[in-house]
Amino acid sequence: MQLQRKDLLGIEQLDRKEIELILEAARPFKSLFTRSIKKVPTLRGKTVVNLFYEPSTRTRLSFEIAAKRLSADVVNIATSSSSVVKGENLIDTGKTLEAMKADIIIIRHNLAGAPAVLGRNLHSSIINAGDGFHEHPTQGLLDLYTILDKKKKIEGLKVLLVGDILHSRVAKSNIWGLIKMGAQVRVAGPPTLIPAGIENMGVKVFYDLNEALKGVDVVNILRIQMERQQDNLFPSMHEYIELYQMTGDRLKYAKPDVLVMHPGPMNRGIEISSEVADSPAAVINEQVTNGIAVRMAVLYLLSAKAGGEHKQKIARNS
Ligand code: CP
């Protein structure tokens, strides 16, 4: 079975069956990781391009490793040393990659909607690797996979997202995915960093972290994104640490078998204490490992629609 869509732009557009399809497809890919040869020929002959306009360690490397394990040819573009710095616009850069027969383009951009613009203008498949404050769908999917792997279900679990919900694309993708999968979602953070009307997405809002933690099965701690703060929305660092840092004492309010997650990169000593980050409850490194399996699944499931026009041209010419 394949995804009946060309692009992965956000979890908002996916229905529960599509999410389940991706999570199920990831499982056999993960089982490859313990083998000495971790490679399969699934995407042999396909070209995957990583086009990152913002810094990344996990997502870019994870997509590169995922595509290589599927035997695709992978090209990474550092926009700082590309013709982007000469003023080339996004669509022209995308069309250039398409002219080189890129089947799948993975894009991270500071502007919400940039992947959708490429999706509308190119035949190549587009995967959103994070766009502005909008979504980071593969992070949301790998978080769902990790919860399912550890808790054996998502339906009915109480999941808390803590921190800067306003600027977090990870939070948006998590909320869409968790709600569609039947979890009860809570968010907690300073009032200035919780978007107005977020209750309409089906989440419960808390400003008191200890209250929010009571009885939760999973807590996902978000990175404080100092680079995206504006208009003095962020309280003082001292106040944030005092009220919202996840410490061992605070975590005791959650269920004893609570799962601690963080999308990375972590600011140790700010949103999370080292005591919590390095505790047995933390599955932060497992999230990274699962990310490769989930991205292999996404690349595989989109590959049927990838490079549609190239395939049609080849068929016409043969
Ligand atoms: N979680 C995440 O997106 O990390 P990177 O910014 O390192 O890709």
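This is a chat about the strands, a loop residue and the ligand site of a predicted model.

Reader: Hi! Let's start with β1. Is strand β1 mostly covered or open?
Author: Strand β1, residues 47-52, is mostly covered, with 6 of its 6 residues buried. Thr47, Val49 and Leu51 point one way from β1, while Val48, Asn50 and Phe52 point the other way, and all are buried.

Reader: Nice. Which strand does β1 pair with over 6 bridges?
Author: That is β2, residues 73-78, and the pairing is parallel. Within that pair, Phe52 faces Ala78 of β2.

Reader: And what sort of unit do β1, α2 and β2 make?
Author: A right-handed β-α-β unit, with helix α2 spanning residues 58-69.

Reader: Which strand pairs with β1 over 5 bridges?
Author: Strand β3, residues 104-109, again in the parallel sense. Here Asn50 sits opposite Ile106 in β3.

Reader: Okay, on to β3 then. Why call β3 largely enclosed?
Author: Because 6 of the 6 residues of β3 are buried, the rest of the structure largely encloses this strand. Both of its faces are covered: Ile104, Ile106 and Arg108 lie on one side, Ile105, Ile107 and His109 on the other, and all of them are buried.

Reader: How many bridges join β3 to β4?
Author: There are 5, and β4 (residues 125-131) runs parallel to β3. His109 has Asp131 as its bridge partner in β4. Between the two strands the chain passes through helix α4, residues 114-121, in a right-handed β-α-β crossover.

Reader: Changing topic: where does Glu54 sit?
Author: Glu54 is in the loop between β1 and α2.

Reader: Does that loop residue count as buried or exposed, and why?
Author: Glu54 counts as buried, because its relative accessibility is 14% and the cut-off for buried is under 20%.

Reader: Which side chain does Glu54 contact?
Author: The side chain of Arg169: the two side chains make a polar contact at 2.9 Å.

Reader: Now the ligand. Which residues surround the ligand?
Author: Going along the chain, you find Ser56, Thr57, Arg58 and Thr59, then Arg108, His136 and Gln139, and finally Pro263 and Gly264. You've already met Arg108 as one of the buried residues of β3.

Reader: What are the polar distances around the ligand's nitrogen atoms?
Author: A polar side-chain atom of Gln139 is 3.1 Å from a nitrogen atom of the ligand. For Gly264 it is a polar backbone atom that lies 3.1 Å from a ligand nitrogen.

Reader: And which residue lies 3.0 Å from a ligand oxygen?
Author: Arg58, through a polar backbone atom.

Reader: How much of the ligand does the protein bury?
Author: The protein buries 91% of the 260 Å² that the ligand exposes when taken alone.

Reader: Great. Last topic: what is the strand order in the sheet with β5?
Author: The order is β7-β6-β5-β8-β9, an open sheet of 5 strands with parallel pairing. At its edges are β7 (204-206) and β9 (259-261), and each of these pairs on one side only.

Reader: How far are neighbouring strands turned against each other there?
Author: By 20° on average, with direction ignored.

Reader: And how many bridges link β5 and β8?
Author: These two parallel strands, residues 158-162 and 218-221, are joined by 4 bridges. If you want a place to look, Leu161 stands across from Asn220 in β8.

Conventions: Residues numbered from 1 in each chain as written. Predicted model: local features only at pLDDT ≥ 70, side-chain atom pairs only at ≥ 80, totals over all residues. Heavy atoms only, no water. Pairing = 2+ DSSP bridges. Axes fitted to C-alpha atoms, helices over the stretch in contact; angles between N-to-C directions. Buried < 20%, exposed > 50% of the residue type's maximum accessible area, 1.4 Å probe, protein only. Right-handed = clockwise from strand over helix to strand, strands pointing away. Near = heavy atom within 4 Å. Polar contact = N/O pair within 3.5 Å; in protein donor to acceptor, adjacent residues only side chain to side chain. Areas by Shrake-Rupley, 256 points an atom, 1.4 Å probe, with all protein chains shown as cover.
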